[in-house]
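Please open the model in your viewer and keep the sequence panel beside it. The tour moves from a cavity lining to a small set of strands, and then out to the whole chain.

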Amino acid sequence: MVFKSKIKWIALLVLILSTVSLVVHLSITKFSSSNLVSYAPKDTGLDFPPLSETPSVRYVRNKKLWGVVKSLESLQPYANPRSSYPVPHEKNNGYIYAKIFGGFEKIRSSICDLVTISRLLNATLVIPEIQESIRSKGISRKFKSFSYLYDEEQFIASLKKDVIIVKSLPENLKAARKRSEFPTFKPKSAASPNFYIKEILPKLKKSKVIGLVLADGGCLQSILPPSMYEFQRLRCRVAFHALQFRQEIQVLGHQMVERLRAWGQPFVAFHPGLVRDTLAYHGCAELFQDVHTELVQYQRAQMIKRGILKEELSVDSHLRRENGSCPLMPEEVGLLLRAIGYPPKTTIYMAGSETFGGQRVLIPLRAMFANVVDRTSVCSKQELFDLVGPEPPLSVDSFKLPPLKSEKQLKDEWQRAGPRPRPLPPPPDRPIYRHEKEGWYGWITETKSEPDPSPMDLRRQAHKLLWDALDYIVSVEADTFFPGFNNDGSGWPDFSSLVMGQRLYESAASRTYRPDRKAFAKLFNITRNDMYHPKHNWTLAVRELLNKSLGEDGLVRQSLLSKPSSFLSHPLPECSCRISSAEFQTPLEDIDGRYLYGGEDECPEWMQHGQEALSSESIGLEGAKHDDNESEYENETVQQESDDSGGKSSLTLSIDQDDEWDPND
């Protein structure tokens, strides 16, 4: 009996201890889960509050992650003419009309070059035609070719002192154009000014009208001699002031920025740069798997066939990656952001209408940063539909499943079969579902050549222009921008480089990373087997490289790699001025005498005084802020009154509103 009573007491004690342990563990779980970041902590529903009810937010930021680059604060946007600059006259050499092929980046770069050429040839420019929207017959009739993306009236009015721009040719010349009576040229993307003066100008004077076909992202060489700096500044006035998106795109784009900031913390804009054409050009197929590798290789074979690329079809993608010719994958970018100190709850906006590889390549990035969003997370379907406008329905897909065979047909086939004994007939083929036939990759398993784009494909390509425009606005206004692939050496303009150029022009001190992909490829090779738990010295090396890329070292490298192919990616020193500062060192020049860093003109007095006032105001604000020893993972918010400037500095706005400029200033 005594033994049985002891067992009962022991069992009771075990039960009590188990209950206490369970209560303690549940309590720990309850209190610790409050600090965890869920996959979708933000309310990404479709019912957004009106902007009037969403107060603007000013952040007491961690300067190590979100602060401005002090060494670049003296650079200010100043694209006004510096010397004698006569206003164009209606009695000029004739008209230039143009057709522009390509995506968002090529269109934007080509328009800037086209205006510059019109000024160089003293010609009247007809609003160019964007073929990407013309080819899609089903887009809304509400918009014309150019106005599908940009504001025509703003474009014409802003450049009235530079180039005469008209919406169409005079009536007496339209019929002659339809009969192809005027000469048409297809200049190279890096054509020299002498080509236009010697080859095209005589024919323009003779026929009074010429046509240009632009397909390579531009029609004028990027770097011009110092005597033509006024033409470089004209490019900047076109790209950063005159070339504004139509009103609906601007409104929705800035609403997206306000919504991202209303979530209570700064945000990073990240553009992966995973575009099929670029990946094929550089031979980066082996970075992907399965059908995506085949798609890249097919596109590369087509480029070789058309003479765009003069290389072997099969190359070692891993060697190309080590040379910096391939993009940083989203997983690698996530590791870099984590190494420099961005917390897991950081909001990352994914820009770009095309991410080759789909959502699969984004899984590692989403695992590290839960708040990865894109335009579909920030905009409702109705808002995107309104941006596209009313479109007529397309014809029903002509694809049909093969008709089912009757029982009699099956018996007849069985009777016509070979001699008995016969094996059992094979099982029926798996049915091909409709969703497996749709998409730009559905052909790879059935045909050897890519089919012509369907009406839906053409419509989607036109829609991509709108999505890229929204992402462009968000990327330019973002607190931090990180490119996955820029200055790739292909000679084509790319999205990230254009964003980096505009951020450099509008606010040079904004936090824009310019990573050296070759250096980071070596670092990742060192820690490939331990990527998610690297050694401390690896993390320090990453931080040093990224921090250097924000300042002078990054600008010098961008000037060497990006500017020779795209002036808009690095509009320094032509389109900026420098406020006198004792911290500025001697300008750095290239072998041929071109300025790599420095060389900007001194800002005019009115700009100097305005910047001094802004500096004194910012010093007063700094005095009321916390010290620099704030937590690395916290971004507190302070409510303030709404700012009508949309986040830009008052200095930039003063230039935007400056309709009258003095040619002799």
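For the classes used below, Ala, Val, Leu, Ile, Met, Phe, Trp, Tyr, Cys and Pro count as nonpolar, Asp, Glu, Lys and Arg as charged, and the others, Gly among them, as polar. This is a predicted model, in which local features need pLDDT of at least 70 and side-chain atom pairs pLDDT 80 or more, while totals for chains, interfaces and linings use all residues. Residues are numbered from 1 along each chain as its sequence is written, and side-chain values use heavy atoms, without hydrogens and water.

Select first Leu 555, His 570, Leu 572, Pro 573, Tyr 595, Leu 596, Tyr 597, Gly 598 and Glu 600, which line the largest cavity. A cavity here is a set of points on a 1 Å grid over the protein atoms alone where a 1.4 Å probe fits but cannot get out, and lining residues have an atom within 4 Å of a point. By class, this lining has six nonpolar, two polar and one charged residues. Strand β16 (residues 595–597) gives the most to it, with three residues; strands are DSSP runs (E, at least two residues), numbered from the N terminus.

Next, select the open sheet β2-β14-β17, three strands in mixed pairing, where two strands pair if DSSP finds at least two bridges between them. Because β2 (75–77) and β17 (601–602) stand at the edges with a single partner strand each, one side of each is left without a neighbour in the sheet. Strand β14 (residues 576–578) runs parallel to β17, joined by two bridges, and Arg 578 stands opposite Glu 602 in β17.

Finally, show the whole protein chain: 48% of its 665 residues count as buried, meaning under 20% relative accessible area with a 1.4 Å probe, protein chains only.

Note on methods
1 Å grid on protein atoms, 1.4 Å probe; cavity = no way out; pocket = protein on both sides within 12 Å on 5 of 7 lines; lining within 4 Å. Helix = DSSP H or I, 4+ residues; strand = E, 2+ residues; numbered from the N terminus. Buried < 20%, exposed > 50% of the residue type's maximum accessible area, 1.4 Å probe, protein only.
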